[in-house]
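Subject: Structure for you to look at

Hello,

Here is the structure I said I would pass on. Please open it first, then read the notes below it.

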Amino acid sequence: LPAADGGFKRGQRVPAVFLFYNKNSSSGCQTEGNKKSQLPGNTTEPLQTTRTAEVHQNSTAGTLGPCPDTPPDLVGPLHVEFDTKRTLDRVREQVGSFLQLGGRFKPPNCVSKQKVAIIIPFRNRYEHLSHWLYYLHPILMRQQVDYGVYVINQDGEGLFNKAKLMNAGHVEALKEYDYDCFVFADVDMIPLDDQNLYRCFDSPRHLAVAVDKFNFHLPYNNLFGGVISLSKDQFLKVNGFSNTFWGWGGEDDDLYNRVMIRLKSISRPDSMIGRYKMIKHNRDLHNEVNPQNPYKVRETIHTFKTDGLNSLKYTVKEVKKDRLFTFISVDVHVPPG
Ligand code: UD2
Ligand code: MN
């Protein structure tokens, strides 16, 4: 790889914002279309129109080849810190100009093999969201993903239901685009290596293999939390997540059981590439540990066919399109009492 902007060598820790888009990258197709496909960051026109027109023009003209399996601009280990105060406004300035409204991106010089919806379960974690957007957008662009970011916010102050939010995110994203891959990502999980590809694999993928909070080791082998990816087909086969894990814990273990019952295996990146930093946090209000949940995990075999996508009920309260993401507030119908 040519030196990244700022003269960093492969494997050297590189502040994320430098790794945006390497105009001198050797991604081949740049050379031919240099004039045409160079991201018009340095034009005065509002980026949105030019780039979109450019992308659509190319794609309609069918001149773009498929993106390579190994994206050419990856740099490996990343330097990640959360001391810098980041606001959404500031992140919009830094990474917004390459995005289409709603946090949508398509690589300008090749056609991605997958259409990836990134689903983030959310409530009252705006500081974490700014860090996530600051680090993940440049990484996803270098990975040449055709993606959209969906922040699924639980409306109201009732007991939190992470899994039901993610089921709702799956349904809402498909209303916008024929996504064929879904990455379910905690808002506080930032990858430490951009070779950990945010895409789908032959088996449901557990991307968050080595988290700093767990000393970069799997606390238990069946862990399937933090950041995972399932293709549309895989997710349908397991009937999505359970809708009935209220409060903290167990929804990821229940999904692991569903996957093992219906699909027999999961896949993981190696532990060096699968390293993550979790932004330090306490237990959130209204997401207390639910002592019932561990018992429910033992019932997966009896419940998964009738508790999931096919029994999902929620109400969309609001949809907001930000440059960096699509914000969907949903009422998950918290049970009384
Ligand atoms: C672990 C899992 C997580 C989930 C949880 C049990 C890892 C790395 N993470 O994380 O995936 O299985 O245990 O439920 O294994 N959130 C909000 N607002 C809230 C509460 C939660 O936005 O008030 C969202 C946010 O995206 C957060 C995620 O839900 O990252 C998981 O909640 P957590 O961070 O409190 O769970 P944690 O760190 O114990
Ligand atoms: Mn967390």
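**Helix α5**

The buried residues of α5 are K162, A163, K164, L165, M166, N167, A168, G169, H170, E172 and A173. That is 11 buried residues out of 13, so the helix is mostly covered. Keep in mind that this is a predicted model.

The length of α5, which runs over residues 162–174, can be checked with simple arithmetic. At 1.5 Å a residue, its 13 residues should span 18 Å. The C-alpha atoms at the two ends are 19 Å apart, which agrees.

**The manganese ion**

Which residues coordinate the manganese ion (ligand 2)? They are D188, through OD, and H281, through NE2, at 2.2 Å. The two residues are 93 apart along the chain, so the pair links distant parts of it. D188 sits in the loop between β6 (181–185) and β7 (189–191), while H281 sits in the loop between β11 (275–278) and α8 (293–297).

Is D188 buried or exposed? Its relative accessible area is 4%, and because buried means under 20%, D188 counts as buried. H281 has a relative accessible area of 30%, which makes H281 partly exposed.

**The nonpolar cores**

The largest nonpolar core has 45 residues. Those with the most contacts inside this core are I118, W132, Y147, V149, Y198 and V227. Two or more residues each come from α3 (88–95), β4 (115–122), α4 (126–142), β5 (146–154), β6, β7 and β11. The most come from α4, which gives nine residues.

Y147 is worth selecting on screen. Leaving out residues up to four places away in sequence, Y147 touches L99, G103, R104, F105, V116, I118, H137, L140 and M141. Another core, of 30 residues, lies apart from the largest one; among its members are A117, F182, V259 and L312.

**F214**

Where is F214? F214 is in the loop between β9 (210–211) and β10 (227–231). With a relative accessible area of 30%, F214 is partly exposed, because that value falls between the 20% limit for buried and the 50% limit for exposed. Apart from its neighbours within four places in sequence, F214 is in contact with P219 and L223. F214 and K277 are 63 residues apart along the chain, and their C-alpha atoms are separated by 9.9 Å.

Regards

Note on methods: Residues are numbered from 1 along each chain as its sequence is written. Chains are lettered from A and ligands numbered from 1 in the order in which they are written. This is a predicted model: local features need pLDDT of at least 70, side-chain atom pairs count only at pLDDT 80 or more; totals for chains, interfaces and linings use all residues. Side-chain values use heavy atoms; hydrogens and water are left out. Helices (H or I, at least four residues) and strands (E, at least two) are DSSP runs, numbered from the N terminus. Buried means under 20% relative accessible area, exposed over 50%, partly exposed in between (1.4 Å probe, protein chains only). Contact means heavy atoms within 4.5 Å. The expected span of a helix is 1.5 Å times one less than its number of residues. Donors are N, O and S atoms within 2.8 Å of the metal (3.2 Å for Na, K and Ca); water is not among the atoms, so sites may look incomplete. A nonpolar core is a set of buried Ala, Val, Leu, Ile, Met, Phe, Trp, Tyr and Cys residues joined through side-chain atoms within 4.5 Å.
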